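Reader: I am new to structural models, and I would like to learn how to read one feature after another. Could you take me through this one slowly?

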There are 2 protein chains.
Amino acid sequence: MTFTLARRAERMNPSVIREILKITERPGIISLAGGLPSPDTFPVQALRDASEKVLRDQPGEALQYAASEGFGPLCDWVVGELAAHGLHVTSDQVLITTGSQQGLDLVGKLLIDSGSRVAVESPTYLGALQAFNPYEPEFSAVACDADGPLPERLGDVHNARQDPTQRARFLYLTPNFQNPSGRCMSEARRAALTRAVQTLGLPLVEDNPYGELWFDAPPPAPLAARWGDGVIYLGSFSKVLAPGLRLGYVVAPKPLMPKLLQAKQASDLHTPGYNQRIVYEVIRNGFLRDHVPQIRALYKARRDAMQSALLRHMPPGCHWQLPSGGMFFWIELPEGVDATALLPQAVTLGMAYVPGFAFFATQPRLNTLRLSFVTVSQALIEQGVEMLARALRETAADEVVSRRT
Amino acid sequence: MTFTLARRAERMNPSVIREILKITERPGIISLAGGLPSPDTFPVQALRDASEKVLRDQPGEALQYAASEGFGPLCDWVVGELAAHGLHVTSDQVLITTGSQQGLDLVGKLLIDSGSRVAVESPTYLGALQAFNPYEPEFSAVACDADGPLPERLGDVHNARQDPTQRARFLYLTPNFQNPSGRCMSEARRAALTRAVQTLGLPLVEDNPYGELWFDAPPPAPLAARWGDGVIYLGSFSKVLAPGLRLGYVVAPKPLMPKLLQAKQASDLHTPGYNQRIVYEVIRNGFLRDHVPQIRALYKARRDAMQSALLRHMPPGCHWQLPSGGMFFWIELPEGVDATALLPQAVTLGMAYVPGFAFFATQPRLNTLRLSFVTVSQALIEQGVEMLARALRETAADEVVSRRT
């Protein structure tokens, strides 16, 4: 029996990262590939206490079908948290999602028709490309510099001279410590970009899983705080508590909420009420005020270890910026070196990374790769980077040899 | 700022049931509307113990990102459970989903193009219509009798004379204690239907959330056990443990698994590993063997209470079958009585139900309604049914008056 697949299935592909993660689960491989938060940061005792309390005090409610919107007190908490970051919304603008990835899927379901143009950064978050792809968009990459998308280049993907059906449905971007580039948009760029998209009438989908993971100073206010009507904002509990609970949220302009909610109902009825209540119990009294600084300190030390290892080991011709938060270094190898082709050699030497090509919606730059500094210890970071550098030197040597013969 | 919505958003609608549930959350309303399992059946102590154990013994794994396929031992458990029901599959055919609703969404994402024909029962499960609708199918209802879809009528929706693009992508059905009709397909009908769909080359999507909730005898083997290659099978932990954990599973023919998995990754990366491990911990040593019979006994007593109340109170001209399992009675009111129009009066008297029209993909029968017997006590069932009968008699009287004037 042959099932007839929907056309969109052609657009689905195995996640490069998940395929690499499978390889790197082999014991002994130092993986700088996955964006896995350090398990040392999971607040296990607080979650045990919260779970015990929820199942003691409100088991019937926690274990029953629940509202698609999310657990009311948790939605209220999100409102308060965002207000502290300058983003003022009401509780009925918050939808709790089954991880932030579901937020991306719902955005795609709601806003992308087959053939719709969707603007993204270059590079951009791989998981967003995967979430949007089944809805069959045409991606357009906005030219970027080290500070993010260039406002003066937005007209390339969305302008008044275009057929309206060719204008981008939205620009997807991660202003804070972007995955994979690590960059954080400056205040000036945020202001200029917001003015530009408002002028063009180009809505934004602002993804902010990493904003709390700053090392020196908090990032500037989100773009949603500057243009409430035109921005869908996504947040996550995965990086400040634990990803295995699968809790994120979408904050959207009010006119979008009814359809967003219906898309959520159609997708999984509601996010597990048990998980929502546990997380609310953990965070309700300011737990994150003490907890998140501990994560920052741990990750900052690991970032410093990686920077130091990179400076010590990487051969000339490699370039990177020091990330001021988040989880990733983005490395540019010398022109002509293909990071995908290099990977097997790196794995043979004992380490793994993610080749950069997967993070480009169009025109991949093959000489790029992503390193995560949050999952493994400083000692292993040092070893892993040393192995990467060795793989790179050996490849470069091979290339020289092959050119001579 | 106006967002441009995808065309599919027009196909999304507020869930009738969820809208009614909001009304019925008013204190004092006896709701026979929602299909909410009785909280008395939630195994709270077992879940507390399991949660404690998981967070003590494997917190790092339970709280980290995890495989999209699901927690391996839980997939293995599903394999064993299905084998006991005559359905023999391997672990790599099992995908753990965020509730069974997500299984329906993934089926739609994978198999439905805009304009694809999808065959359903009449009536059919409302949540499946909601899950499929955003993928813009054309629904065709297969004629049914009290034993389910009529094999000889399948040719109406899928036949060799049709343009191949007009043939149904699949037939969606719930053979065991269907929501809303309560019917359970006989062995003879399952055999005949399987032969018919095999001959036609019409794949099945078999939904089985209620199969364990039998009162007299277990239902016959699933259709998937008769045609492994042509059936996608969906199961759920919501009715035997608790819905608030949001755990279900999809079992599919092997050729479908890669794309199904990619659809899952795109939708929410993976189902919460914490929840999967807790449930596995609860059920791994045969817990359900003692637990499910308790649920059956409770629900059977409530079914009997509802049957008795219906026989005592309902006016002539109303028809229903006694369900032999599951959660619902399906009531046919006298011809000409609109169950939707009757609802406000029933609510005024103090009870609520779900009007039947929402369960029809095409040609709704307005004189039908669904009653759940599992959520409230026998005493409240008696009162609720009495109120429904009173609303019905008062309406009938009004109609007579209006016809006279």
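Author: Let us begin inside one chain, where 33 residues of domain 1 of chain A are in contact with 32 residues of domain 2 of chain A; two residues count as in contact if their C-beta atoms, placed from the backbone, lie within 7 Å. This is a predicted model, in which local features need pLDDT of at least 70 and side-chain atom pairs count only at pLDDT 80 or more, while totals for chains, interfaces and linings use all residues. Residues are numbered from 1 along each chain as its sequence is written, and chains are lettered from A and ligands numbered from 1 in the order in which they are written.

Reader: Which element gives the most to the side of domain 1 of chain A that touches domain 2 of chain A?

Author: That is α10(A), with seven residues, where helices (H or I, at least four residues) and strands (E, at least two) are DSSP runs numbered from the N terminus. By class, this side of domain 1 of chain A has 17 nonpolar, nine polar and seven charged residues; Ala, Val, Leu, Ile, Met, Phe, Trp, Tyr, Cys and Pro count as nonpolar, Asp, Glu, Lys and Arg as charged, and the others, Gly among them, as polar.

Reader: How should I read the side chains of strand β2 of chain A, and which way do they point?

Author: In a regular strand the side chains alternate between the two faces of the sheet. In β2 (residues 94-97) of chain A, A:Val94 and A:Ile96 point one way, A:Leu95 and A:Thr97 point the other way, and all are buried, a residue being buried if 20 or more other C-beta atoms, placed from the backbone, lie within 10 Å of its own.

Reader: What is the bridge partner of A:Leu95 in β10(A)?

Author: The partner of A:Leu95 is A:Val250, and four bridges join β2(A) to β10 (residues 248-251) of chain A, the two strands running antiparallel.

Reader: How many residues of helix α9 of chain A are buried?

Author: In α9 (residues 273-283) of chain A, 11 of its 11 residues are buried, and what covers them includes α2, α3, α4, β2 and α10 of chain A.

Reader: How is chain B laid on chain A?

Author: Two copies of a chain are related by a rotation about an axis and a shift along it. Here chain B can be laid on chain A with an RMSD of 0.0 Å by a turn of 180° and a shift of 0.0 Å along the axis, superposed by least squares on the C-alpha atoms of residues with pLDDT of at least 70 in both. The two copies are therefore related as by a two-fold rotation axis.

Technical notes:
Buried ≥ 20, exposed ≤ 12 C-beta atoms within 10 Å, placed from the backbone. Pairing = 2+ DSSP bridges.
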